[in-house]
Amino acid sequence: MGGAALWLLLGVVPLAFGVAATPVQASRTHHYDFFIRETNVTRLCHEKAVLAVNGQFPGPTINARKGDVVVVNVYNQGHKNITIHWHGVDQPRNPWFDGPEYITQCPIAPGSNFTYRIIFSGEEGTLWWHAHSDFDRATVHGAIVVHPKLGSSFPYPKPHKEIPVILGEWWNVDVEKLLEETKRTGGDFNISDANTINGQPGDLFPCSKDGTFRVPVERGKTYLLRVINAGLSNDMFFAVAGHTLTVVGTDGYYLKPFTTGHVMISSGQTMDLLLHAINVSANRYYMAARTFQTNTELTVNNTTATAILEYTDAPPLTAGSPEPPVLPAVDDLAAATAYTAALRSLATVDVPTHVDEHMVVTISVNVLPCKPSNGDTSSCEGPINGTRFAASLNNVSFVASPTGVDILDAYYHSIHGVYTSDFPNRPPVAFNFTEPEPATELWYTDRGRRVKVVEYGAVVEVVFQDTAILGAEPHPMHLHGFSFYVVGRGFGNFDEGKDPATYNLVDPPYQNTVSVPTGGWAAIRFRATNPGVWFMHCHFDRHTVWGMDTVFIVKNGKTPDAQMLPRPPTMPKC
Ligand code: C2O
Ligand code: CU
């Protein structure tokens, strides 16, 4: 595909809204049609059919302004159930259109359609959308760009162009097979074959050079890279050779700008980066992305995806390879930690100082006894004979599998027996969470559909605590329906007596996905002013399907504007 066509496809060319003479208005409604169908894609010398939106992989970019409404008609022309989630859009009072299957809706069946109404509020910057059913988001995803309201402006020098840079992963096998295998066993089967930038592995992979994503730039101009980590299983480092990056936003909120040689972006997060095209020592520079993972017991995809930054106003391109960037090593914990510690909200923010609900939530990879339907336990490949891998929060392995009714409907219609309102505020057993190799008894977990119910307006603090069960590793924890302040992060076991004193209550970053450090903890705070049913889970899909999830139910408040919107009659049936 030609460069220009690819640029158009990725929505780099700004849409022609906000043309002069439009009066300043509160909000606008934008319409999109998403046709989901099987599309043949060739990567790494293999052709396979993948689910894609409008034949595009990655899918189309959604453009809106702060406070707008976006209506997306989703037509499922594929062969399996699907849903779409608008990652990082708080959707005030509107859980109906949030998307996670069996949590807020029944899936859209093949041959049917569903219209999502997406309500934007405080977000401004880069978010994204993705399938929230099975592993479909591997190829069903795209960028959401939220521009400032008419009449207000980007708080940094206006970039010449804005470029979505979606980091992802590619598997040669079918992701439905991958899901089956992940549920059954775990193991190394789920390692992706390549990391990708805008769907392309780049020059370092076989049969990939022709497709490498290219970014034409002109000397002296500034570009806004809207980087999204859409990867299913990898946090990533990202860097551009010969250029530093100025970080100005994350997860749809602005940051105090800082300059860095590399970025660490967890699965689910976005980073807005200004790139000043001022280097003249070469014409072409690689931008590159590589996995960050500290659990050395895991086999990880340690490949490097590349794209090319190309100066179009330079003398004719020289032969040879573009300049390679300096990327931290796959397990460079110090580089990742230093980067994450530099994130600060642009302005001083209003962090709640009084907490109503204190929660400490342990994060574990576990085992469950394996009971295949045919009784054949030889297919179980858990770390103990006769077990399979599972995962939990506070030792509850969440069961998100098909039910006749989703959790939101069960709550709305007071249907009993679908979930229980007893998700614990503390782990059931206290142990030295981060000490390597905990006793085997601690590896086991219990299944349940236990949710946490909170009062409208309550201030919730969640301290996520990683555990060393089956090896400590970083977990990108994502909450639907809210952005939250990341008030603290640290290594080892959270100390309730000491660690809160280290919190940043002045200018913490406001995110929807927090990277809980390997063998450490991260503390978040939010005010529960969004009534509804909101999924919370690790954004590594294998952990999600293993049960590293729970649900917050935020009750209605007293006034009408503190209550969930009425149930749309169009909700799909299970
Ligand atoms: Cu980006 Cu629940 O997910
Ligand atoms: Cu995880």
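**Exercise 1.** Find the spans that the UniProt record annotates as "domain: Plastocyanin-like", then describe two of them.

*Solution.* Start with the record: this unreviewed entry puts the annotation on residues 37-149, 162-313 and 423-557. Its positions follow the numbering used here, feature names are shortened, and annotations may be inferred rather than shown by experiment.

Next, take residues 37-149: that stretch is 0% helix and 46% strand, with its end C-alpha atoms 34 Å apart. Then turn to residues 423-557, which are 4% helix and 40% strand, with end C-alpha atoms 21 Å apart. Helices (H or I, at least four residues) and strands (E, at least two) are DSSP runs, numbered from the N terminus.

A quick word on the model: it is predicted, so local features need pLDDT of at least 70 and side-chain atom pairs pLDDT 80 or more, while totals for chains, interfaces and linings use all residues. Residues are numbered from 1 along each chain as its sequence is written, chains are lettered from A and ligands numbered from 1 in the order in which they are written, and side-chain values use heavy atoms, leaving out hydrogens and water.

**Exercise 2.** Place Lys371: which loop holds Lys371, and is Lys371 buried or exposed?

*Solution.* First, look between β20 (357-369) and β21 (387-393): Lys371 sits in that loop. Now check its relative accessible area, which is 73%. Buried means under 20%, exposed over 50%, and partly exposed in between (1.4 Å probe, protein chains only). So Lys371 counts as exposed. Finally, hop to Thr387: Lys371 is 16 residues from Thr387 in sequence and 8.3 Å away in space, C-alpha to C-alpha.
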